[in-house]
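Here are a few worked exercises to try with the model open beside you. Have a go at each task before reading its solution.

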Amino acid sequence: MKNLEIAKILDNIADILELQGIEFKPRAYRNAARGVENLAEDIKELYEKGKLEEIPGVGKHIAEKISEYIKTGRLKYYNQLKKKIKVNLEELNLIPGMGPKKIKFLYEKLKIKNIKDLEKAIKKKKLQKLKGFGESTEQDFLRGIQFVKSRPKRFLYAHLEPIVKEITKQFSKYPFVKKIEIAGSFRRGKETIGDLDFLVVSNEPGKVMKLFTALPDIKRVLAKGTTKSSVRLTNGLQIDLRVVKEKEWGSALLYFIGNKQHNIAVRKLALSKGYKLSEYGLFKGKKWVAGRNEQDIFKKLKLQYIEPELRQNSGEIEAALQNKIPPLVTVQNINGVFHNHTKWSDGSNTLLEMAQAAEAMKLKFISFNDHFGDITIANPLDEKRLVSYLKEIEKVRKKVKIRVFSGVEIDILKNGSLGLSVKKLKQLDVVVAAVHMATKMSEKEMTERVCRAMENYPINILGHPTNRLINTRPPYQINLEKVFQVAKKNNVFLEINAAPETQDLSGEHVRAALKVGCKFSLGTDAHDTQNLQFYNLGVNMARRGWATKKDILNCWSLPRIEKALKK
DNA sequence: GCCGTTTTCGGCCCGACTGTTTTCAGTCG
């Protein structure tokens, strides 16, 4: 898919136009970039159908440019723009506090083209002599350069969850903190988080600011205002906190949860209905009409309530206008978890310990799927050990009150076959099949490999369908559209793998698969008892993909699950 | 360059914070 590639080019064009001081056009290109980015389908298909102008933000001229790029692999307009500018925009833009105006000014005055030039100029104290710049600007940029060079990757949701809970708990203790909630991408349940955004209601914002800027592990206070401050922790994490009045809570939450594109779209909708929306409330002229809670604002705008996970301006507003937002699956809907490992392969707890942990978590079932096959690094089961494994599971069943499913996570081999016969696979409750090795195939080969397995073996669940590892390993090349269709046809549940660094399928993929009519299974892929708790991450992905409890196997009743697993 | 329940022309989300100023431009979210 060229979607992201094209979105990036449109963004770059916007950057260059902005640098040239052109107004509004950059915004048009950015809107188009967001439209392309949010597409659920391959842009090439739209191009072939002549439907590029149906993309939000794409009109006649941008459609022509996209066509040219798809057709020829090049874009004249973009190349000409790039020739005109001499600076490394992308690089300089990364520095906090550096924007198009300053980049242009610094190039005109000091011929600064990139970070290296900037560093040199600062060392020679050249910047502070310029109008509008000073010594502290120099220091800010220097720190910014350091930050860019040692830039932390985006944080995993699971790694920030304890910090979010701790800060919320600590702040709630103080009587001057009436309310505190997390907003931003964390609240939207994204798999990775850039920074944390907290929202607080208090009559004494000064005290809150003081408390906030005195958090432990702060490396630097980035901004300290009367109602809004930012800090950076020693681990590189930025945290923003804003204090609002009780009356503004709803409008502020809406604003702070975002995302930005969603906010802009809602504000535009408000405008079209004669209102003005900001973090301070919904206004008719100068009159405040709503803002105490989010529901009031949605009601005034004649919108169905939109769950935070859906807020990214990818159709949720249109759906809410027609009351078509489905009831999203919740953590409480999850009755049990699939795809768990034990000491029998590469896990670190016994079958019994894992089952007891699941029972203690009030789950109604657990499914054991230790590795089977050639993945030697994971100490896989073979046919002989599988017999003992199943006997052991039988013993565990007598010691816990929850349903214990037997099964394996079996490798999908290079040619699309599995290392166990159809007959033996049918004796297992739950067969998870997944690709683990020989992952560097072409898209066509990989797609055929996975589809062939689903067509020829009694597979219940296709494990981690793209095999990505966030921040570490890209997904393998595979035509998911095709995989979804074959999965649907063969009644294979698609896994939403909930392991913190996996979270595969992603929300976007879940949504695409739902459109095909697929069903899902939430797998914890736990390798110890601690990891069992992370099924909420899978729920995040499911919710971001618009899934309801009807779409997720884990939410069904046990008799219905057993029936669905029959091969 | 895009878009339309007042518009095919004339708008384009909105406000806080910072640094360098003395009233504001630039950046950020």
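**Exercise 1.** How are α20 and α21 oriented relative to each other?

*Solution.* Keep in mind that you are looking at a predicted model.

Step 1: take the axes of α20 (residues 443-456) and α21 (residues 480-489), which cross at roughly 5 degrees and come within 9 Å.

Step 2: angles under 35 degrees count as roughly parallel, and α20 and α21 are therefore roughly parallel to each other.

Step 3: look at who makes the contact. From α20 come T447, V450, C451, M454 and E455, while α21 brings K482, V483, V486 and A487.

Step 4: sort these residues by class, and the contact of α20 with α21 has 6 nonpolar, 1 polar and 2 charged residues.

**Exercise 2.** Describe the protein surface near DNA strand B by its elements and residue classes.

*Solution.* Step 1: list the elements that each supply at least two residues; they are α2 (25-37), α4 (60-72), α7 (100-110), α9 (135-149), β5 (218-224), α14 (260-272) and β8 (276-278).

Step 2: find the top contributor, which is α14 with 6 residues.

Step 3: split the surface by class, which gives 16 nonpolar, 14 polar and 16 charged residues.

Step 4: pick out the residues that come nearest. Of the 46 around DNA strand B, these are R27, G97, G134, R267 and Y280.

**Exercise 3.** Which part of DNA strand B faces the protein, sugar and phosphate or bases?

*Solution.* Step 1: consider the DNA strand B atoms within 4 Å of the protein; 76% belong to sugar or phosphate, and the rest belong to bases.

Step 2: check some phosphate oxygens of the strand. One is 2.5 Å from a side-chain N or O atom of Y280, and for the side chain of S136 the corresponding distance is 3.0 Å.

Step 3: do not forget the backbone, since K224 places a backbone N or O atom 2.8 Å from a phosphate oxygen of DNA strand B.

**Exercise 4.** Where do the cis peptide bonds at N259 and L505 and the positive phi of K362 fall?

*Solution.* Step 1: the bond from G258 to N259 is cis, with omega near 0 degrees, and N259 sits in the loop between α13 (249-257) and α14.

Step 2: D504 and L505 are also joined by a cis bond, here with omega about 10 degrees; L505 belongs to the loop between β18 (493-497) and α22 (507-516).

Step 3: K362 is not a glycine, yet its phi is positive, at about 65 degrees. You will find K362 in the loop between α17 (351-360) and β12 (365-368).

Definitions and conventions:
Residues numbered from 1 in each chain as written. Chains lettered and ligands numbered in written order. Predicted model: local features only at pLDDT ≥ 70, side-chain atom pairs only at ≥ 80, totals over all residues. Heavy atoms only, no water. Near = heavy atom within 4 Å. Polar contact = N/O pair within 3.5 Å; in protein donor to acceptor, adjacent residues only side chain to side chain. Helix = DSSP H or I, 4+ residues; strand = E, 2+ residues; numbered from the N terminus. Nonpolar A, V, L, I, M, F, W, Y, C, P; charged D, E, K, R; others polar. Axes fitted to C-alpha atoms, helices over the stretch in contact; angles between N-to-C directions. Parallel < 35°, antiparallel > 145°, perpendicular 65-115°, else oblique. Contact = heavy atoms within 4.5 Å.
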